[in-house]
Amino acid sequence: MPTPYTVADVMTHDVVAVTPRAEFKEIAVAIERWKVTALPVVEGEGRVVGVVSEADLLPKEEFHEHLPGMVEQMRRLGDTAKAGSTCAEQLMTSPAVTVRPTATLPQAARLMAEHHVKRLPVVDADGTLKGIVSRADLLKVFLRSDDELAAEIRHAVVEPLFPVSRKAVKVDVTNGVVTLTGQVRDTHLVPVATRLAQAVEGIVSVHNHLETLDPSTDTGA
């Protein structure tokens, strides 16, 4: 069976973070300097208590030249409050949406989609910051070479499923697209091969052209 990649396999370990007392300008400078869109907010020994992002800073500029009217204030209470905030504790989104290092990449992707965020702090069981994972990190698996993907499919899919006829199965991978050809004995395992090959991290799609071996030509080799 293919081994799924986890967040620990692709996350960035060196993370820039700020404390709840970090001032507005300090946050803005860190975001610009490190070319990130958001920063974890940590306290104590690194426990994540929130996340402050570019979006959290923008209301100060948006309302810089005009004061919102009563209706707008009521409609955008969160933004108008942030416009007057001066430190991370007042600006941050809390509690932070976080992910564990052992989470699979699909689990992390679903969290990002559900909460409309571009990156997730990675924390241990105590909530201590261990890294950060971004959308770009989740796409790293698609940078795996075709040769590496073909070797994994042969080792994790073809050999376990078709131990007798494995030599008759050809695995071609081009730009992440797998093509399986050849003849195998077990017809019912052909769709299983498709599912398992698709589960290999970095595979774009699978074209399965495996055929059932003609019993009359089966020599038992």
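This section describes the pockets, salt bridges, surface patch and backbone features of a predicted model.

The largest pocket has a volume of about 360 Å³. Its lining comprises 18 residues, and Ala38, Val51, Ser53, Val117 and Lys118 are those nearest the pocket centre. Three secondary-structure elements, namely strand S2 (47-53), helix H3 (54-62) and strand S3 (119-123), each contribute at least two residues to this lining. By class, the lining of the largest pocket consists of 9 nonpolar, 5 polar and 4 charged residues.

The second largest pocket encloses about 170 Å³ of space. Its wall is built from 13 residues, with Thr12, Asp14, Val36, Arg119 and Ile132 lying nearest the centre. Strand S1 (38-43) and strand S4 (129-134) each provide at least two of the lining residues. The greatest contribution to the lining of the second largest pocket is that of S1, with 3 residues. Here the classes divide into 8 nonpolar, 2 polar and 3 charged residues.

Side chains of opposite charge can pair when their charged atoms come close. Across the whole structure, 7 salt bridges were found. One of these joins the side chains of glutamate 32 and lysine 35, with an N to O distance of 2.6 Å. Lysine 35 is exposed, because its relative accessible area of 62% lies over the 50% cut-off. The residue is located in the loop between helix H2 (24-34) and S1. Its backbone also stands out: lysine 35 has a positive phi of about 55°, although the residue is not a glycine. Lysine 35 thus combines a salt bridge with glutamate 32, a loop position and a positive phi.

A further salt bridge links arginine 47 with glutamate 43, at 2.3 Å from N to O. Both partners fall in the intermediate accessibility class: arginine 47 is partly exposed at 40% relative accessible area, and glutamate 43 is partly exposed at 32%. Strand S1 spans residues 38-43 and strand S2 spans residues 47-53, so glutamate 43 and arginine 47 fall within the ranges of these two strands under the DSSP assignment.

The side chains of glutamate 148 and arginine 144 meet in a salt bridge of 3.1 Å, N to O. In this pair the accessibility classes are not matched. Glutamate 148 is partly exposed, with a relative accessible area of 37%, whereas arginine 144 has 12% and is classed as buried because this value is under 20%. The pair belongs to a network of salt bridges that links Arg144, Glu148 and Glu152.

A nonpolar patch on the surface is formed by Leu139, Phe142 and Val204, which together present about 300 Å² of accessible area. Phenylalanine 142 is situated in the loop between helix H8 (135-138) and helix H9 (146-161). With a relative accessible area of 45%, phenylalanine 142 is partly exposed. This value satisfies the accessibility condition for patch membership, because residues of a patch need over 30% relative accessible area.

Several backbone features were identified in loops. The peptide bond from serine 94 to proline 95 is cis, with omega near -5°. Proline 95 lies in the loop between helix H6 (88-91) and helix H7 (105-115). Histidine 116, a residue other than glycine, has a positive phi near 55°. The position of histidine 116 is in the loop between H7 and S3. At 70% relative accessibility, histidine 116 is exposed. A positive phi is therefore found at histidine 116 in a residue whose accessibility of 70% is over the 50% cut-off for exposure.

Asparagine 175 occupies the loop between strand S5 (169-174) and strand S6 (177-184). Asparagine 175 is exposed, with a relative accessible area of 64%. The C-alpha atom of asparagine 175 is separated by 9.8 Å from that of serine 205, and the two residues are 30 residues apart along the chain.

Methods. Residues numbered from 1 in each chain as written. Predicted model: local features only at pLDDT ≥ 70, side-chain atom pairs only at ≥ 80, totals over all residues. Heavy atoms only, no water. Patch = residues over 30% accessible without salt bridge, like charges linked within 9 Å, V, L, I, M, F, W, Y side chains within 5 Å. Areas by Shrake-Rupley, 256 points an atom, 1.4 Å probe, with all protein chains shown as cover. Salt bridge = Lys/Arg side-chain N within 4 Å of Asp/Glu carboxyl O. Helix = DSSP H or I, 4+ residues; strand = E, 2+ residues; numbered from the N terminus. Buried < 20%, exposed > 50% of the residue type's maximum accessible area, 1.4 Å probe, protein only. 1 Å grid on protein atoms, 1.4 Å probe; cavity = no way out; pocket = protein on both sides within 12 Å on 5 of 7 lines; lining within 4 Å. Points joined across faces, edges and corners; volume = space filled by probe spheres on them. Nonpolar A, V, L, I, M, F, W, Y, C, P; charged D, E, K, R; others polar.
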